[in-house]
Amino acid sequence: MTTALNGEQLAEKIIKASPDAVVAVDKGAVVVKSESLYQVAEFLKNTPELDFDYLVNLTVVDYMDYFEVVYHLVSLKHNHSLVLKTRCRDREKPVVPSVVGLWRSADFQEREVYDLMGIVFDGHPNLKRLLLWEGFVGHPLRRDYL
Amino acid sequence: MAIEKYPMEPLNEVDVAEGLRIDSLMAASRQSIPDPDSWLDEEISRNVLVTTVDYVLDWARSRSIFPLMFGLACCAFEMIGTAASRFDISRFGMDIFRWSPRQADLMIVAGTLTWKMAPAVKLVYEQMPEPKWVIAMGQCSISGGPFKESYSVVPGVNRIIPVDVYVPGCPPRPESLLYGITKIHQKIVKESIKKA
């Protein structure tokens with residue numbers, strides 16, 4: 001069974017590596033600033049004792065006040081997992097750095113999130129609609145869609 | 001003693017003609033009706049059946065429908081179940097689900113059709129040779145079903161291709177699909193080569 005790492009303990013390690021990256025933290029998840037997301041992700045992937053080499057899932061939640069992008073990370077070597085989150089408040093053009101450079105599995109996941117929620121992933125090599133067709137107006141999974 | 005002849009009117013031409021005509025009709029009615037197959041020899045006459053082109057063509061078409069193997073969503077599983085041994089679609093001469101639309105003449109649209117998939121379904125329909133028939137199977141393909149108001153689902157496949165028979169259900173039982181197929185048979189039997 002994969003052990004879910006304690007977010008509070010892990011946040012301390014993240015703060016040591018990149019101070020003022022962490023916004024909020026609880027047992028289950030670590031919320032970081034979107035500007036320092038790539039830096040934190042790189043730290044989580046490349047630190048040997050963490051070694052998060054596998055991005056299981058990338059999704060986004062619309063809370064009306066802000067979007068919360070959720071990254072489910074797993075280390076296949078150490079068999080532990082972590083939920084990493086980031087927030088962006090701009091509804092017109094929410095921008096989050098892309099993590100395709102770290103995990104190739106983020107490619108389609110980020111395209112799906114862009115397609116249905118309209119989050120722009122900065123640095124994505126091929127950011128276009130995945131499930132809907134070219135020319136579709138709007139992002140239908142947003143709560144203010146319709 | 002000579003019998004005195006009963007005095008008779010002289011023969012009328014019209015009466016004579018009528019009498020001759022009645023005589024000929026009586027004579028004709030006593031003759032046996034000639035066998036139209038008398039020119040055939042015995043071996044052939046036992047094996048030839050006279051019928052109409054329409055009847056034979058419709059009979060052949062309705063009893064050897066080749067459905068297209070093509071499923072979009074959960075209704076496809078009921079379609080597969082219909083083809084399997086328990087419900088046995090082979091009873092209706094539909095042994096083989098064809099992979100190629102060029103060999104098929106019945107399209108069973110089984111499942112939810114999204115706008116993203118619509119061009120592919122339209123293309124497959126257009127690739128099928130005439131004559132061809134379409135069954136809309138399940139609520140989603142009839143009207144969009146629970147996704148009717150959705151941004152991504154076609155509200156009824158009849159928006160993009162013509163449909164012959166609608167089989168309601170969510171998903172329909174195999175019996176329903178078989179009933180729809182017999183309805184297609186009834187429709188085919190009514191068709192005429194003259195209209196085609």
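Visitor: What makes N6(A) a cap for the N-terminal end of helix 1 of chain A?

Guide: This is a predicted model, by the way. In it, a side-chain oxygen of N6(A) lies 2.9 Å from the backbone nitrogen of E8(A). A polar contact needs N or O atoms within 3.5 Å, so the pair at 2.9 Å passes.

Visitor: Which residues of helix 1 of chain A are called buried, and what puts them on the same side?

Guide: The buried ones are G7(A), L10(A), A11(A) and I14(A). They cover an arc of only 110° around the axis, so they sit on the same side of helix 1 of chain A. The general rule behind it: an α-helix has 3.6 residues a turn, so residues three or four places apart point the same way.

Visitor: And which residues are exposed on the other side of helix 1 of chain A?

Guide: Q9(A), E12(A) and K16(A) are exposed there. That word takes over 50% relative accessible area, while buried takes under 20%.

Visitor: What do the buried residues of helix 1 of chain A pack against?

Guide: They pack against strand 2, strand 3, helix 2 and strand 6 of chain A.

Visitor: Why is strand 6 of chain A called mostly covered?

Guide: Count its residues: seven of the nine in 80-88 are buried. Each of those has to come in under 20% relative accessible area, so "mostly covered" is a fair label for strand 6 of chain A.

Visitor: How do you know that strand 1 and strand 6 of chain A pair?

Guide: Pairing takes at least two bridges. Strand 1 and strand 6 of chain A have two, in the parallel sense, so they qualify. One of the partnerships is T3(A) with H80(A).

Visitor: How many bridges do strands 3 and 5 of chain A make with strand 6?

Guide: Strand 3 runs parallel to strand 6 of chain A over four bridges, with V30(A) partnered by L84(A). Strand 5 runs antiparallel to strand 6 of chain A, joined by nine bridges; there V69(A) is partnered by T86(A). In the hairpin of these two strands, four residues lie between them, and N79(A) takes a positive phi near 55°.

Visitor: What makes up the interface of chain B and chain A?

Guide: About 480 Å² is buried between them, 70% of it on carbon and sulfur atoms. W115(B), K116(B) and Y151(B) supply 93% of the area that chain B buries against chain A.

Visitor: How many salt bridges are there between chain B and chain A?

Guide: Zero. The rule does find one residue pair in polar contact across that interface.

Terms used: Residues are numbered from 1 along each chain as its sequence is written. Chains are lettered from A and ligands numbered from 1 in the order in which they are written. This is a predicted model: local features need pLDDT of at least 70, side-chain atom pairs count only at pLDDT 80 or more; totals for chains, interfaces and linings use all residues. Side-chain values use heavy atoms; hydrogens and water are left out. Buried means under 20% relative accessible area, exposed over 50%, partly exposed in between (1.4 Å probe, protein chains only). The arc is that of the directions from the helix axis to the C-beta atoms. Contact means heavy atoms within 4.5 Å. A polar contact is a pair of N or O atoms within 3.5 Å; within protein, one must be able to donate a hydrogen and the other to accept it, and residues adjacent in sequence count only if both atoms are side-chain atoms. Buried area is the accessible area (1.4 Å probe) that two parts lose on being put together, summed over both. A salt bridge is a side-chain nitrogen of Lys or Arg within 4 Å of a carboxyl oxygen of Asp or Glu.
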